[in-house]
Amino acid sequence: AAQGLGYAMAKRFVAEGARVLLADIDGERVAKTAATLAPRAFAIPHVADVGEEGQVEEMVALATENFGGVDILVNNAGGAGNVPAIDIEDVTVEAWDSVIRQNLRATFLCCRAVVPQMKKRHFGRIINISSGLATGKGPLQGTGGTLLAYASAKAGILGLTYTLAKAVARHNIMVNAIVPGFVLTEPGARVRNWFDSLPEQGRTALLTRTAMGRAGDPAELASLAVFLASGECSYVSGSAIEINGAG
């Protein structure tokens, strides 16, 4: 939640009156982010590697202690890693396992940690962030990293979303996935830094891939997340909603 899509969603949830625990592996950055939100609502920064079971349990315990429970879970952590590889023969087992851990394992651990208390309260909203790459959309070359592993992990998140939604439906827990296309994050965030490093021709080619001819705004994705977390989302579950400008 320190930057990018996570920050945009946290900011919007705070604006809607939510009490938010912002988790990130970058402690200094997430603390600064929370400080910008704290004057408007209760926002707690927390350092966590959500690929680690114990740290996820500590994170959920902290949220429960401060807020009385977890009503909404947004699984946004992930990334393609920092080992570029396109051809499958160049993908190491270590790089594969790392990316799966950051994305799919982290989503599983966080869901498993909050569902029991959601069942007890007969209410919950889980929002998983996948990617257009999971559906075969988007360029083969992206912001770097091991895209084969990333696409596979994000596809796994869709499978987890569909199946978990069925398993918890009778408990009034809605589980949905957001499937973003190219969303241009704020200056200083990873995707924005990569985009700004491209030559003008490359930036233009990327933006004109969508029918709308532009990148998505993080605030647009945040609006969808707020709907999926709201009381108005009472019969939407097990869905993967693409937000890509018809890309």
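The following conversation explains how several features of this predicted model come by their descriptions.

Guide: This is a predicted model, in which local features need pLDDT of at least 70, side-chain atom pairs count only at pLDDT 80 or more, and totals for chains, interfaces and linings use all residues. Residues are numbered from 1 along each chain as its sequence is written, and side-chain values use heavy atoms, with hydrogens and water left out.

Visitor: What makes the contact between Lys32 and Glu28 a salt bridge?

Guide: A salt bridge requires a side-chain nitrogen of Lys or Arg within 4 Å of a carboxyl oxygen of Asp or Glu. For Lys32 and Glu28 the N to O distance is 3.5 Å, so the pair satisfies the rule. By this rule the count comes to eight salt bridges.

Visitor: Why are Lys32 and Glu28 said to be separated by about one helical turn?

Guide: Lys32 and Glu28 are four residues apart in helix 2 (residues 27-37), and therefore about one helical turn separates them. Helices here are DSSP runs of H or I with at least four residues, strands are runs of E with at least two, and both are numbered from the N terminus.

Visitor: Why is Lys32 called exposed?

Guide: Buried means under 20% relative accessible area, exposed means over 50%, and partly exposed lies in between, with a 1.4 Å probe and protein chains only. Lys32 has a relative accessible area of 54%, so Lys32 is exposed. Glu28 has 57% and is therefore exposed.

Visitor: How do you know that Arg192 and Asp196 form a salt bridge?

Guide: Their side chains meet at 3.3 Å, N to O, so the distance satisfies the rule for a salt bridge. Arg192 and Asp196 are four residues apart in helix 6 (residues 190-197). Arg192, at 22%, is partly exposed, and Asp196, at 44%, is partly exposed.

Visitor: What makes Glu220 and Arg214 a salt bridge?

Guide: The closest N and O atoms of Glu220 and Arg214 are 2.8 Å apart, and therefore this pair qualifies. Glu220 has a relative accessible area of 34% and is partly exposed; Arg214 has 39% and is partly exposed. Elsewhere, salt bridges that share partners join Asp49, Glu52 and Arg101 into one network.

Visitor: Why does Asn244 count as buried?

Guide: Its relative accessibility is 19%, so Asn244 counts as buried. Asn244 is placed in the segment after strand 6 (240-243).

Visitor: Why are helix 4 and helix 5 called roughly parallel?

Guide: Angles under 35 degrees count as roughly parallel, over 145 as roughly antiparallel, 65 to 115 as roughly perpendicular and the rest as oblique. Axes are lines fitted to C-alpha atoms, for helices over the stretch in contact, and angles run from 0 to 180 degrees between N-to-C directions. The axes of helix 4 (residues 93-121) and helix 5 come within 8 Å and cross at roughly 15 degrees; the two helices are therefore roughly parallel to each other.

Visitor: Why are helix 1 and helix 8 called oblique?

Guide: The axes of helix 1 (residues 4-15) and helix 8 (residues 218-229) come within 8 Å and cross at roughly 55 degrees. That angle belongs to none of the named ranges, so helix 1 and helix 8 are oblique to each other.

Visitor: Why is Leu148 called partly exposed?

Guide: Leu148 has a relative accessible area of 33%, and is therefore partly exposed. Leu148 lies in helix 5 (residues 147-168).
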